[in-house]
Structures are given as structure tokens and as C-alpha cells.
Amino acid sequence: MKTAELIAKGESLPIMEAFYTIQGEGRFTGYPAYFIRLGGCDVGCVWCDVKESWEAGKWPVQSIEKIVSEAEKFPGRLAVITGGEPLMYDLGPLTSLLKEKGFTINIETSGAHPFSGDFDWVCFSPKKFKKPHSSIYSKANELKVVVFHSSDFAFAEEHAKLVKKDCELRIQPEWSKSEKFTPEIINYTKSHPNWKISLQTHKFMDIP
Ligand code: SF4
């Protein structure tokens with residue numbers, strides 16, 4: 001089978017990087033986790049800190065067997081699939097193989113493409129630059145909105161109306177705007193206690 005066909009079936013995927021680290025943000029902050037960062041993103045956030053991920057063709061394509069065998073080399077059994085925008089691909093085969101090998105699987109996604117895969121935790125981080133696909137709202141366990149502009153609070157509330165009742169709500173300052181927005185985020189969370197603050201603790205700790 002040709003590489004493009006394998007990618008279309010989710011049997012092989014472009015891997016920008018994969019590494020064992022500590023989850024720095026959101027619900028699983030502080031958990032050791034194996035990150036699988038897929039190459040390719042068509043969302044185009046102006047403040048994106050992984051712009052090099054955007055072009056999928058730049059990254060080596062690996063079979064899901066290879067991806068999972070690399071993950072198994074580390075002692076942790078939490079895998080985080082991120083990007084780029086991981087839902088550009090059919091994540092069914094990768095997540096079922098990870099499950100077979102005993103992994104708990106989280107995803108971090110902008111939700112801009114149809115949902116696929118079997119996850120234990122779905123962190124949905126919508127972006128203004130590309131409208132989320134409707135399939136994400138019933139799947140999201142956590143809504144994480146990055147604040148880069150004052151209008152992002154209203155954007156956060158718009159999405160909070162669309163997710164499930166038990167979806168955890170988090171707001172997170174965009175790293176370069178942290179100083180500007182952290183006081184506002186603190187006040188917002190105090191007056192809207194259904195929201196919690198998420199910080200990019202890996203950046204404070206200087207870990208990948
Ligand atoms: S969705 Fe993520 S990877 Fe894509 S441009 Fe936005 S921040 Fe970057």
C-alpha cells in the first residue's frame with residue numbers, strides 16, 4: 001500500500017516528535033506522559049508555538065506499530081496525542097493499538113476536523129482561526145480556552161454552552177500574553193467559579 005493510502009487509513013502517521021515528559025497543562029498537569037505529536041495543522045493560530053508542525057509533508061511517516069513500540073519503551077502508560085492538529089487523521093487504528101498495549105489515551109485538539117479514535121480524555125481547545133467540527137462537542141471532557149485577547153472570554157463562554165454539562169472548563173493565558181492577562185484571568189475565575197485556571201507549568205519548569 002502506498003504511504004498516502006496508509007495515512008488515509010490511519011495505519012501510518014506523520015510524526016513530528018514523540019517524547020516522554022510531564023504533562024504541563026490542563027486536567028492532567030503533573031502526570032508523566034508519552035507525547036505523540038503528529039505533523040500537520042491547517043488551523044493557523046497566529047500565536048502558535050509549534051508552527052513548524054503545520055506542514056505534514058516535512059515529517060517522517062511511521063507505522064502505528066512503530067509509534068506504539070517507541071511509547072512502550074518508557075514506564076508511563078499515559079499517552080497524549082497532540083499536534084499539529086491530530087484529528088486531521090483517522091486516529092482509530094493508533095488508539096486501538098495503544099489501548100491493546102495498556103495505555104490510557106488523551107488527546108489535545110482544536111476540534112477542527114471530524115472526531116475519530118477511542119480516548120479516555122478529550123481536551124478540546126477551540127481556536128478562532130478555524131471553526132470546530134460539530135462532532136467534538138459531545139466528546140470533550142475538558143474545554144481549554146487560551147486567552148490571547150480580551151474577546152477570548154466571550155469566545156470561551158460561547159463554547160461552554162455547547163459542551164456537555166460535566167465538561168471541565170479551563171482558561172489559560174497564552175504564554176506571551178501571560179503578564180497582561182493573568183490578573184484578568186484570576187478575577188474572571190473568581191467571579192465565574194465554573195472555570196478553573198490552567199497554566200503552562202512545563203514552560204515555568206523548562207521541560208519540553
Ligand atoms: S491548532 Fe495548535 S498546532 Fe494548529 S496552529 Fe493552532 S496552536 Fe498551532
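The largest nonpolar core comprises 44 residues, and those with the most contacts inside it are Ile 36, Ala 79, Ile 81 and Val 147. Strand S2 gives the most to this core, with five residues. A nonpolar core is here a set of buried Ala, Val, Leu, Ile, Met, Phe, Trp, Tyr and Cys residues joined through C-beta atoms within 7 Å. A residue is termed buried if 20 or more other C-beta atoms lie within 10 Å of its own, exposed if 12 or fewer, and partly exposed in between, with C-beta atoms placed from the backbone. Leaving aside neighbours within four places in sequence, Ile 36 is in contact with Ile 15, Ala 18, Ile 67, Ala 79 and Ile 81; contact requires that the C-beta atoms of two residues, placed from the backbone, lie within 7 Å.

The model is predicted: local features need pLDDT of at least 70, side-chain atom pairs count only at pLDDT 80 or more, and totals for chains, interfaces and linings use all residues. Residues are numbered from 1 along each chain as its sequence is written.

**Overall organisation**

The chain contains six helices and nine strands. These elements are DSSP runs numbered from the N terminus, helices (H or I) having at least four residues and strands (E) at least two. The radius of gyration of the chain is 17 Å, which agrees with the value near 17 Å for a compact globule of 208 residues; this radius is taken over C-alpha atoms, and the globule rule is 2.2 Å times the number of residues to the power 0.38. Along its principal axes, the C-alpha trace spans about 55 × 35 × 30 Å. Buried residues make up 38% of the 208 residues. Of the contacts with a separation of 6 or more, 64% are between residues 24 or more positions apart.

An unreviewed UniProt entry lists residues 28–208 as "domain: Radical SAM core". UniProt positions are given in the numbering used here, feature names are shortened, and annotations may be inferred rather than shown by experiment. The end C-alpha atoms of this span lie 15 Å apart, and the span is 25% helix and 22% strand.

**Helix H3**

Helix H3 covers residues 92–100, and its buried residues are Pro 93, Leu 94, Thr 95 and Leu 98. These residues pack against helix H1 (3–9), strand S1 (12–22), helix H2 (64–71), strand S4 (78–82) and strand S5 (104–109). Just after H3, Gly 102 takes a positive phi of about 90°.

**Ligand surroundings**

The ligand is surrounded by Cys 41, Val 43, Gly 44, Cys 45, Cys 48, Val 50, Ser 53, Gly 83, Gly 84, Glu 85, Ser 110 and Lys 127. A residue is counted as near a molecule if its C-beta atom, placed from the backbone, lies within 6 Å of it. This shell divides into five nonpolar, five polar and two charged residues. In this division Ala, Val, Leu, Ile, Met, Phe, Trp, Tyr, Cys and Pro count as nonpolar, Asp, Glu, Lys and Arg as charged, and the others, Gly among them, as polar.

The peptide bond from Gly 83 to Gly 84 is cis, with omega near 20°, and Gly 84 is located in the loop between S4 and H3. Lys 127 lies in the loop between strand S6 (121–124) and strand S7 (142–147). Outside a range of four places in sequence, Lys 127 touches Val 43, Cys 45 and Ser 110. The UniProt record (unreviewed) lists a "binding site" at positions including Cys 48, Gly 84 and Lys 127.

**Further annotated positions**

The unreviewed record also places the feature "binding site" at Ile 22, Gln 23, Gly 24, Arg 37, Thr 82 and Pro 208. Gly 24 is found in the loop between S1 and S2. Apart from residues up to four places away in sequence, Gly 24 touches Thr 29, Gln 200, Thr 201, His 202 and Lys 203. Pro 208 is in the segment after helix H6 (201–205); with the same sequence exclusion, Pro 208 touches Phe 19, Thr 21 and His 202.

**Burial of selected residues**

| Residue | Other C-beta atoms within 10 Å | Class |
|---|---|---|
| Gly 24 | 20 atoms | buried |
| Cys 48 | 15 atoms | partly exposed |
| Lys 127 | 22 atoms | buried |
| His 149 | 14 atoms | partly exposed |
| Pro 208 | 12 atoms | exposed |

His 149 lies in the loop between S7 and helix H4 (152–160). The C-alpha atoms of His 149 and Tyr 89, 60 residues apart along the chain, are separated by 30 Å.
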